[in-house]
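Reader: I am new to this structure and would like a close look at a single part of it, taken slowly. Please start with one position and then work outward to whatever helps me place it.

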Amino acid sequence: MSKVDILLGLQWGDEGKGKVVDVLTPNYDVIARFQGGPNAGHSLEFNNIKHVLHTIPSGVFHPGCINVIGNGVVIDPIIFAQEIHSLEKLGVNLRRTLKISKKAHLILPSHRELDAASEAAKGKGKIGSTLKGIGPTYMDKTGRNGIRVGDILAHDFQERYQFLKNKHKEILRQYNYQSNIEQHEEEWFKGVELMKEYDLIDSEYEINKYIAQGKRVLAEGAQGSLLDIDFGSYPFVTSSNTICAGACTGLGIAPGKVGEVYGIFKAYCTRVGSGPFPTELDNEVGEKIRQIGAEYGATTGRPRRCGWLDLVALRYAIMLNGVTQLIMTKPDVLDTFETIKVAVAYRINGAETDRLPYDINAPIEPVYKEFKGWMREISGFKSDDDLPDELMAYIQFVEQETGVPIKIVSVGPNRDETIVRE
Ligand code: GDP
Ligand code: IMO
Ligand code: MG
């Protein structure tokens, strides 16, 4: 009997989950995505390959590793097919190793239009969604109208599709939205046919079988804890539970079967889309982080908002997830910063607090602690002993403030640029 380890983002997404899952995959037999969908963009770099995955788990570049798309994920067959084809071009064939839960829900072309219509109607209050149809698809799931992967094998799949599409068209009419669904249908159904060539499974049984067999399973999160539907900065969140508990419902594993929880965070913060961001640097410092860190969305190409590390938010995410090991990414982006700041508390209406306020519009003034920058290039470093004292002081401060050890420090986008600490 083994346990399922979970790797998830502790900030607003894009913490480097894809890179680190790829680094950790040799320690695992199975990598399983448990929530989100093609709103995710997980970047992997090794040899001369740079690749971005959206729906497919980040273990695919290790031959023999089983990759599971769990029931908590939402899948767009068009994007799924594009991902499969671009992996095939790289010589990666997943026919035998990729398994898809029959209970995962499908994103229809009309879901994407509903997403766009809803955002347009919100005007200035828009969420800043990736417009991949995520919200409307999860709404149909909880509203008990959704179409699941297993349904593509049903004799009346076409009717079910048409029924839901017509329902969506009604809503789109109310939005006065110029619908163009039919233009995407052929490609969508081609994607559905391609999905049938893969192993469509009852993933909860499979995952629990792997656990019983002692196989090592790593659950890969998408987005980040501050985008969680329950605990994120609502309504500026995604539509799934991105926290640890989401892995239980998104894969069908009991809480007692959870092993290590790897919480990944950047040495600073980024956010893409609307919503509060207390430590945001809407100035040349933020711009410098964006340029050096190449902080542009892996899915949408949008510039990411940048700011200092926020320990109030990080401690909150660690609490929600029961993080047992921390992973810090991208400190190398700060190589040329003379001073590095970290928010240790918030000041709200004159009072200091170490909690995230319920009211997301509360005027938050971060209370910063300053650190001396290391002013040295760290990307080539291979072990803890190489790291500059100033960075070690930064690492130790985060460990002390969170009570959780930082076990991995990522110092560059490449697979090799990773320090595993003793
Ligand atoms: P994910 O969504 O959590 O998988 O993260 P993304 O792939 O969206 O964004 C992370 C970006 O940072 C990608 O471009 C990665 O290639 C890159 N990256 C990951 N780790 C590091 C690191 O330690 N240093 C630097 N400089 N870049 C990194
Ligand atoms: P990965 O897995 C960063 C953000 C969007 C928007 C909000 C809602 O790569 O870390 P949605 O499309 O879900 O309706 O958008 O969530 N968002 C992400 N931000 N990384 C992601 O995924 C994200 N997925 C969604 O920008 O603010
Ligand atoms: Mg990303």
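Author: The position to begin with is Val 333, which is placed in the loop that runs between β15 (325–329) and β16 (339–348); please keep in mind throughout that this is a predicted model. Although Val 333 belongs to a loop, Val 333 counts as buried because its relative accessible area is 3%, which is under the 20% used as the limit for that word. Setting aside residues up to four places away in sequence, Val 333 touches Tyr 268, Ile 289, Ile 292 and Gly 293. For a sense of distance across the model, one may take Ile 147, which is separated from Val 333 by 186 residues in sequence and by 43 Å in space, C-alpha to C-alpha.

One of the residues that Val 333 touches, Tyr 268, also leads to a second loop, since Tyr 268 is among the residues touched by Gln 11. Gln 11 lies between β1 (4–9) and α1 (17–24), and Gln 11, too, is buried, with a relative accessible area of 3%. Not counting residues up to four places away in sequence, the other residues that Gln 11 touches are Gly 224, Ser 225, Leu 226, Leu 227, Phe 265, Lys 266, Cys 269 and Leu 309.

Phe 265 brings us to the nonpolar interior, for the largest nonpolar core has 56 residues, and Leu 10, Phe 265 and Tyr 394 are those with the most contacts inside it. Helix α11 (residues 389–402) gives this core its largest share, which is 6 residues. Leu 10, leaving out neighbours within four places in sequence, is in contact with Phe 265 and also with residues including Ser 225, Leu 226, Ile 264, Leu 314, Ile 318 and Val 323. Apart from this core lies another, of 38 residues, including Phe 46, Leu 108, Ala 117 and Tyr 198. In soluble globular proteins, nonpolar side chains tend to be buried together.

A last step leads to ligand 2, which is surrounded by 20 residues, the closest being Asp 14, Lys 17, His 42, Thr 130 and Thr 238. By class, this shell holds 7 nonpolar, 10 polar and 3 charged residues. Oxygen atoms of ligand 2 lie 2.9 Å from a polar backbone atom of Gly 41, 3.2 Å from a polar side-chain atom of Ser 129, and 2.8 Å from a backbone N or O atom of Gln 223. Taken alone, ligand 2 exposes 550 Å², and the protein buries 97% of that area.

How values were computed
Residues are numbered from 1 along each chain as its sequence is written. Chains are lettered from A and ligands numbered from 1 in the order in which they are written. This is a predicted model: local features need pLDDT of at least 70, side-chain atom pairs count only at pLDDT 80 or more; totals for chains, interfaces and linings use all residues. Side-chain values use heavy atoms; hydrogens and water are left out. A residue is near a molecule or strand if one of its heavy atoms lies within 4 Å of it. A polar contact is a pair of N or O atoms within 3.5 Å; within protein, one must be able to donate a hydrogen and the other to accept it, and residues adjacent in sequence count only if both atoms are side-chain atoms. Accessible areas come from the Shrake-Rupley method with a 1.4 Å probe; for residues, only the protein chains shown count as cover. Ala, Val, Leu, Ile, Met, Phe, Trp, Tyr, Cys and Pro count as nonpolar, Asp, Glu, Lys and Arg as charged, and the others, Gly among them, as polar. A nonpolar core is a set of buried Ala, Val, Leu, Ile, Met, Phe, Trp, Tyr and Cys residues joined through side-chain atoms within 4.5 Å. Buried means under 20% relative accessible area, exposed over 50%, partly exposed in between (1.4 Å probe, protein chains only). Helices (H or I, at least four residues) and strands (E, at least two) are DSSP runs, numbered from the N terminus. Contact means heavy atoms within 4.5 Å.
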